[in-house]
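Let's take a walk through the aromatic rings of this protein, and through the charges that sit over some of them. Keep the viewer open as you read.

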Amino acid sequence: MQDFHSSSFSTIGKILRCSLSLLMLCCISISRLYSQCAGSDSSVTVCEKDNDVSTRTYALFDKLGGSPSNGGTWQTSDPANFFALDQSTGVVDLWRINNFGEHQFTYTNPICNESATVTIRLGGYPGENNIDGSANACGDDPNVNLHSFLGSEIDGKVQDFNGLWEEDPLTFTGQLEDNIFDARAAGPGIYEFTYTVDMVDSCPSRQSRVILEVHPAANPGLATSFVICTNDDFSAFTNFDLNNQLVGEDPNGTWSESRTNQLSDLNDSVIDLEEINANFGYGTYSFVYTVFPGHPVCEEMSAIVNIDILPVLDGTMTAANFCSGEDYSINLSYDDTILFDGSFEIEYLINGNPGIASAVLANGGGNFMVDPDLVPLNTNVTLALTRLIGVTPLRDVCPTVIVPNTTFLVSKAQASANNSCQGTPTTVTLTNILDTSSSPANGDFDLNYTLTGPSVTNSNFGPTNITFNNGNASFEIEAANLDEGGDYNIVVSITNALPLSCNLESSFVVTPTPSAIDLDLQIDDSCDATVIDVLVDAPILSDGTYTITYDVTELTTNTVLTTNTINFNGGSANYQIDVASLPEGNYTARVLSTQTDSTPCRTVFDFELTENFARGGIPGLPTAEPIQEFCLSDFNMVSPSLADIEVSADGLLLFYATAGDMDILPLSTALIDGEDYYVSNTDPENNCEGSDRIAITILISDPAPPNVSDSNPRFCSTENPTLDDIELNVPENHNVVWFDALVAGNLLDGTTPLIDNTSYFAATKNPSLCIGTTRMEIVPSIISPNIPSFQSDSFMACGLDTPTIFNLRELENQNNNNVFWYDDIDSTDPLPDETVLEERIYYAEGYDTTFDCRSLERIAVTVTLSDCVPEEYDFFVPDGFSPNGDGRNDTFFIPNIEVIFPDFTLEIVNRYGTTLFRGDARNPAWGGKNGSTLAPSGVYFYIIEFNKEGFEPKQGRLYLNN
């Protein structure tokens, strides 16, 4: 058919719009004249709906009483009837109402806001009889749905579901509940059922019949597995009939398997187990018995007979004799052709007491540990295996274990070493030592031992001919091997045919020799000594009273001038001997003590200490750093003096220009950079000066100020500049220090933010942390363009005009066009003026073209592109289209609606009120389809919701021409 041209559609649309307008005016006039525009309630009775095809499109509007007006909608409160009703047209498909009885449908007209109800008394439909043998079920089905056997070959013609199912008395089983029949409980046979729908009003009750045949299910019987160990006698099982492993099976089955090739055909049921074991060994061999049903409504059934040939542990077990405390490991050797590799649990008996252990067996060998709590000591142990359980892989193992018993011995031999004192021998005792006959050892034997001490490791010794008596013996560790205090360990090995080479181990402690009393004499060794300090340190002494004797003797005459005793308790003490009254000369002081405490392992009891001293001696040499550096800025621009030199000395300091100069320099003498000065000291009590002098070299530092190429640097405020951002030049390993004044002032951190046109002062700091006295003034400029100001924070335009960034500049107020626009608040790439606008938020920032700086903040502007006057853009709604695939008018599309009305919705309905299409800006065009198929040619209706202030929804018709 030839396509309509757009001009023809426009003309038809205008005529339809005119007709619709007249129709709406007419309806309004009628509604004013008739208040009951929804009509009145009514009821109808419909019998045998299934015999009248017109009941599929039953028009409810025609059944209303009174004078109803068009334009309303229909509803039903019964959810089961929801999909049977077209709410727009009031047409109901009675074939889709599958319950007989009363059904109500309500018509509501919004013109008068009134409703009326049509009640349909619907007669029942029991479905079609099924008595021709096509109703079949299997005898193993407990849930046969009888509804599945009713129905019709006509599409949509379905029986009602609220009728009553009953068994025919002649075939009654009692296994029917509602519409579900338990065929498994009833058993095979032929059963008759009736389905009855009750009478409704004048509609009679109706009934349908179903004759159901229940067919026997296939029965493969109950299978029993056969279990045998791989080393059992198989001679009795060379003609093993698999049928003997089934109970209650149907006789018409067949046997199959996929491994041993024992079955010659499907009827063969005899196998040779001896041959299977010889060819394949242990494992599970499955044979399947399959029975086919007599009717296809039942499924074929199978039973599986498993022949389990179990692996077995057949081998030997050995165990060495053990020492008490060791792991009691038992070794297994076995025939690995009749036992798979894997992890096992082994059940065993030790002298009749049960235990269980884990073992990994592979390649014919393995071992396991027995529970040490079950093993008696110094007694022969009998070990027997009772059972093997396969764990990984999880498989059955023959319960028979073919492993002879074994015996072993566990010795409780022990070694014990006594504690001792440093440098003295200690005794080691051996007990419970057995000989080769497992009896207590008697006689002479050799042994070795390893001794480990605080700083001695693995020293091997071997005493011989140690005599044992009833399993016991002892020997000594020599004093030479115990020459330091601390913890020791000894490990003993016994040789000479003893059955066990147990390493007997013991720890012991060697107590170190206690320290002697620590005496010290400290004498005031100046020109005039006045006192002698006697210091006592005896912290390990217990509390008590101890006596120390002291005396002072003149050396030239050996005359004792002072003598006395000191009493003190254990610990530390400080006592003074007054020698101030002694004349000038040389003396010796002596302290003596005899120790009588009971401290363990003490070896020194008598102590004596002497010290020479003089009255009238020479003071000691001063001490000082040989090179001393002074920072000029630390002295407020005044040069440091001799008084500032750091020297440690007793008495008065004297400074000289040279090592031999006799002229003393005043302490106020200003220091000279690079000069050497010499220092000695004197005793202030007797004016005694030391004979030697020390030299001190002086260095005075004052680093030069930094170099700068630009003392007025410029920064953008967006860079958040700090003092660290100012570029200065200083020597290597030197740093820049900032102040807020040319002289004195406050020290500033490098992270201090810069302030526009503010003076900052930079000095140099050398590696010795000396700051120069000269400072360089820096005055930075901080460029901060103004934040743009706009007439409005929004910009409205019509997207059909393709506005650009250039149009946004209409908002700018005296910004000299130094404004950058961005599509993101964090974007760094300005948008060109020719960038086409989108409906979104844009951001503007001020820009200084001279210094390439930008404002600190950005201003957000919201762009709206739906500010379009429809009339200015020839906005119209087409009145038809032809979706015939020729590329012209193939879709119903309203030009520019998604721009002018971006939030619009479009709905297309047919003349029955059924919605065929819903569209919006994302899906604006209708291709003329109803679901997946093309709608037929004809008139359809559109409903447009503009969803824009000032524009009411619009309805109209369009013509679809295929």
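What you have here is a predicted model. Its aromatic pairs come to a count of 28. A good place to begin is the pair of phenylalanine 61 and tyrosine 107, whose ring centres are 5.6 Å apart with 85° between the planes. Planes over 60 degrees apart count as edge-to-face, so this pair falls in that class.

Where do phenylalanine 61 and tyrosine 107 lie? Phenylalanine 61 is in the loop between β2 (58-59) and β3 (73-75), while tyrosine 107 belongs to strand β5 (residues 101-109). The pair therefore ties together parts that are 46 residues apart in sequence. The two partners also have their own accessibility: phenylalanine 61 is partly exposed, with a relative accessible area of 21%, whereas tyrosine 107 is buried at 2%.

Next, look at phenylalanine 82 and phenylalanine 83. Their ring centres are 5.1 Å apart and their planes stand at 90°, so this pair is edge-to-face. Is each ring buried or exposed? Phenylalanine 82 is partly exposed, at 41% relative accessibility, and phenylalanine 83 is exposed, at 63%.

Further along the chain, aromatic residues also gather in a group: Phe881, Phe892, Trp926, Tyr940 and Tyr942 make up one aromatic cluster.

Finally, turn to the charges over rings. Lysine 63 lies over the face of tyrosine 58, at 4.8 Å from the ring centre. Arginine 840 sits over the face of tyrosine 842, and here the distance to the ring centre is 5.7 Å.

Key
Residues are numbered from 1 along each chain as its sequence is written. This is a predicted model: local features need pLDDT of at least 70, side-chain atom pairs count only at pLDDT 80 or more; totals for chains, interfaces and linings use all residues. Side-chain values use heavy atoms; hydrogens and water are left out. Rings of Phe, Tyr and Trp (its six-membered ring) pair if their centres lie within 6.5 Å; planes under 30 degrees apart count as stacked, over 60 as edge-to-face and the rest as tilted. Helices (H or I, at least four residues) and strands (E, at least two) are DSSP runs, numbered from the N terminus. Buried means under 20% relative accessible area, exposed over 50%, partly exposed in between (1.4 Å probe, protein chains only). A charge sits over a ring if NZ of Lys or CZ of Arg is within 6 Å of the ring centre and within 35 degrees of the ring normal.
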